[in-house]
Structures are given as C-alpha cells and as structure tokens.
Amino acid sequence: TYLCLTGKSEVLLRKYSRKLYDLLKRTHLNYFLIDKLRGIKERGYMMILLTASLDIIAENFNDLDFDIVIGSKTYYKNGKFHRMQDLYGKKHKVLEVLRRHFKEIVIIDDLPEPEFYLIPGVKVVRFAGGNNHGET
C-alpha cells in the first residue's frame, strides 16, 4: 500500500477513492443488508462502520446512513500521502474502546476477527456476503 500511495496528493487520492466507492456502490453493495441495517437504525440504534479500508475510501459510505465511519487512518505531509495507521487485524482494539461507551454492540462481519468473540457484551453475526438482490 505504501509504495502505491507514497507521495500521491490527497486531492488525487480522494478523487480515486470516490471513483472506487461509486464502482463498489453499483456492483458490490448488498442493498438487502443495507435496508435491514436502516430498519435497525430507525428503532434507535446507532450504526458504526468499522473497516480496515483507508479512511478516504470509508468516509464515502457516510451516505448510507452510518452515524460514524472508522477506517485505517491516512496521514499527509505537505498535501501528500505520508503514512497510515492500518486497522487490518486490529479492529478488535477499536471495538474494545467502543465497548466502554455503548451498552450493547452487535457486529455483522463476513470475516470476523477471532478477538471479537472474546470482548464481553459483544454479539458477532457472521454474514456470508451476497449480492445487491439480497441473496446470501
């Protein structure tokens, strides 16, 4: 990742991340699941997207009604990519912090980190994926 991003301008990376999001939205999002999550949100629950994807990609998902979007943090120096704090394999650490602030957490993940199951008060639902038509 560093080799591909190092020295690239933040403006350019944001432009490419939006194009990637637009492609993903058309071809890979499971709208059946998104609709189910929106129904849960309507009952008063907060929706948080926690992903190891770069924050500049993840923040595009705000338009799907997530209350908070957390991704791998990118850092820039003089407007150019400098480094990142990768969440791959470390999302459980963020969940441990979130657990201190929420009474109940339900994780829906296609490949949950093993540590998720060890966090008290966290329920893990493994979602096998699927397509835009709600098939899993």
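**Loops, helix α3 and salt bridges**

Biologist: Where is N78 found?

Modeller: This is a predicted model, in which local features need pLDDT of at least 70 and side-chain atom pairs count only at pLDDT 80 or more, while totals for chains, interfaces and linings use all residues. Residues are numbered from 1 along each chain as its sequence is written, and side-chain values use heavy atoms, with hydrogens and water left out. Helices (H or I, at least four residues) and strands (E, at least two) are DSSP runs, numbered from the N terminus. On that basis N78 is found in the loop between β2 and β3 (80-85).

Biologist: Is N78 buried or exposed?

Modeller: Buried means under 20% relative accessible area, exposed means over 50%, and partly exposed is in between (1.4 Å probe, protein chains only). The relative accessibility of N78 is 76%, so N78 counts as exposed.

Biologist: What is the phi of N78?

Modeller: Most residues other than glycine have a negative phi. N78 is not a glycine, yet its phi is positive, at about 55 degrees.

Biologist: Which residue in the loop between α4 and β2 has a phi near 75 degrees?

Modeller: The residue is not a glycine, although its phi is positive. It is partly exposed, with a relative accessible area of 35%. The residue in that loop is D65.

Biologist: With which side chain does D65 meet in a salt bridge?

Modeller: A salt bridge is a side-chain nitrogen of Lys or Arg within 4 Å of a carboxyl oxygen of Asp or Glu. D65 has a partner at 2.8 Å, N to O, and that partner is R38. The pair links distant parts of the chain, 27 residues apart, with D65 in the loop between α4 and β2 and its partner in helix α3. At 24% relative accessibility, the partly exposed partner is R38.

Biologist: How many residues apart in sequence are D67 and K41?

Modeller: The side chains of D67 and K41 meet in a salt bridge of 3.0 Å, N to O. D67 lies in the loop between α4 and β2 and K41 in helix α3, so the pair ties together parts whose separation in sequence is 26 residues.

Biologist: Where does K25, the salt-bridge partner of D63, lie?

Modeller: D63 and K25 meet through their side chains at 2.9 Å, N to O. D63 is in the loop between α4 (55-58) and β2 (68-77), 38 residues from K25, which lies in helix α2 (residues 10-27).

Biologist: How far apart are the end C-alpha atoms of helix α3?

Modeller: The expected span of a helix is 1.5 Å times one less than its number of residues. Helix α3 (residues 31-42) has twelve residues and should therefore span 16 Å; this agrees with the distance between its end C-alpha atoms, 16 Å.

Biologist: Against which strand do the buried residues of α3 pack?

Modeller: L33, I34 and L37 are buried in α3. They cover an arc of only 100 degrees around the axis (from the directions from the helix axis to the C-beta atoms), which puts them on the same side of α3. With contact meaning heavy atoms within 4.5 Å, the buried residues of α3 pack against β4 (105-109).
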